[in-house]
Amino acid sequence: MQLMGVEGTNDWEPIFNTFLLPKNKERLFKEVRKNYFTEEELKIIERLPRMGSDDKLTAKWIELIKDIKCNLDKDPASKKAQALAF
């Protein structure tokens, strides 16, 4: 359900697709991440809240992501964009 909140859609396909991933998905994710992120960035990513966690920090992250997605059309110099950046 959190994924639907972040995506802002009621499309179940991405949710069902997560169930269809191979059983070794964690290893696969780590391999793919190494292609895109530095070791320092990977350490930061590991500390981020996980989708599916039912805690306040995860809820805050979901709200922030939704807010960012709703304001992608804003001028980066606007007050709203600057507030989201910091």
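These are my notebook entries on helix 5 and its surroundings in a predicted model.

**Entry 1. Helix 5**

I began with the extent of helix 5, which covers residues 56-70. I checked its length against the expected rise of 1.5 Å a residue: the 15 residues should span 21 Å, and the end C-alpha atoms are 21 Å apart, so the two agree. I then looked at the start of the helix. There a side-chain oxygen of Asp55 comes to within 3.3 Å of the backbone nitrogen of Leu57.

**Entry 2. Salt bridges**

How many salt bridges does the model hold? I count 3.

I took Glu63 and Lys66 to begin with. Their side chains form a salt bridge, with N to O at 3.3 Å. Both residues belong to helix 5 and sit 3 residues apart, about one turn of the helix. I looked up their accessibility as well. Glu63 is partly exposed at 47% relative accessibility, and Lys66 is partly exposed at 30%.

Next I looked at Lys80 and Asp67, whose side chains meet in a salt bridge at 3.1 Å, N to O. Lys80 belongs to helix 6 and Asp67 to helix 5, so this pair ties together parts 13 residues apart in sequence. Lys80 has a relative accessibility of 35% and counts as partly exposed. Asp67 is also partly exposed, at 26%.

Then I turned to Glu46 and Arg33. The salt bridge between their side chains has an N to O distance of 3.3 Å. Glu46 is in helix 4 (residues 39-47) and Arg33 in helix 3 (residues 25-36), so the pair links parts that are 13 residues apart in sequence. I note Glu46 as partly exposed, with a relative accessible area of 39%.

**Entry 3. Asn71**

Is Asn71 buried or exposed? I find it buried: its relative accessibility is 14%, and the cut-off for buried is under 20%. Asn71 is placed in the loop between helix 5 and helix 6 (79-85).

I then looked for its partners. A polar atom of the Asn71 side chain lies 2.7 Å from the backbone oxygen of Asp67. Leaving aside residues up to four places away in sequence, Asn71 touches Lys80 and Leu84. Two of these names recur from the previous entry: Asp67 and Lys80 are the partners in a salt bridge. I therefore record Asn71 as a buried loop residue with a polar contact to Asp67 and a contact to Lys80.

**Entry 4. Nonpolar surface patch**

I asked which residues make up the nonpolar patch on the surface. They are Leu48, Leu57, Trp61, Leu64, Ile65, Ile68 and Leu72. Together they have about 590 Å² of accessible area.

I looked at Leu64 in more detail. This residue is found in helix 5. Its relative accessible area is 33%, so Leu64 counts as partly exposed. That value also passes the patch cut-off of over 30%. Leu57, another member of the patch, is the residue whose backbone nitrogen is approached by the Asp55 side chain.

**Entry 5. Arg50 and Trp61**

My last look-up was Arg50, in the loop between helix 4 and helix 5. At 39% relative accessibility, Arg50 is partly exposed. I took the C-alpha separation between Arg50 and Trp61: it is 9.7 Å, for residues 11 apart along the chain. Trp61 is one of the patch residues noted above.

Terms used: Residues numbered from 1 in each chain as written. Predicted model: local features only at pLDDT ≥ 70, side-chain atom pairs only at ≥ 80, totals over all residues. Heavy atoms only, no water. Patch = residues over 30% accessible without salt bridge, like charges linked within 9 Å, V, L, I, M, F, W, Y side chains within 5 Å. Areas by Shrake-Rupley, 256 points an atom, 1.4 Å probe, with all protein chains shown as cover. Salt bridge = Lys/Arg side-chain N within 4 Å of Asp/Glu carboxyl O. Helix = DSSP H or I, 4+ residues; strand = E, 2+ residues; numbered from the N terminus. Buried < 20%, exposed > 50% of the residue type's maximum accessible area, 1.4 Å probe, protein only. Polar contact = N/O pair within 3.5 Å; in protein donor to acceptor, adjacent residues only side chain to side chain. Contact = heavy atoms within 4.5 Å. Expected span 1.5 Å × (residues − 1).
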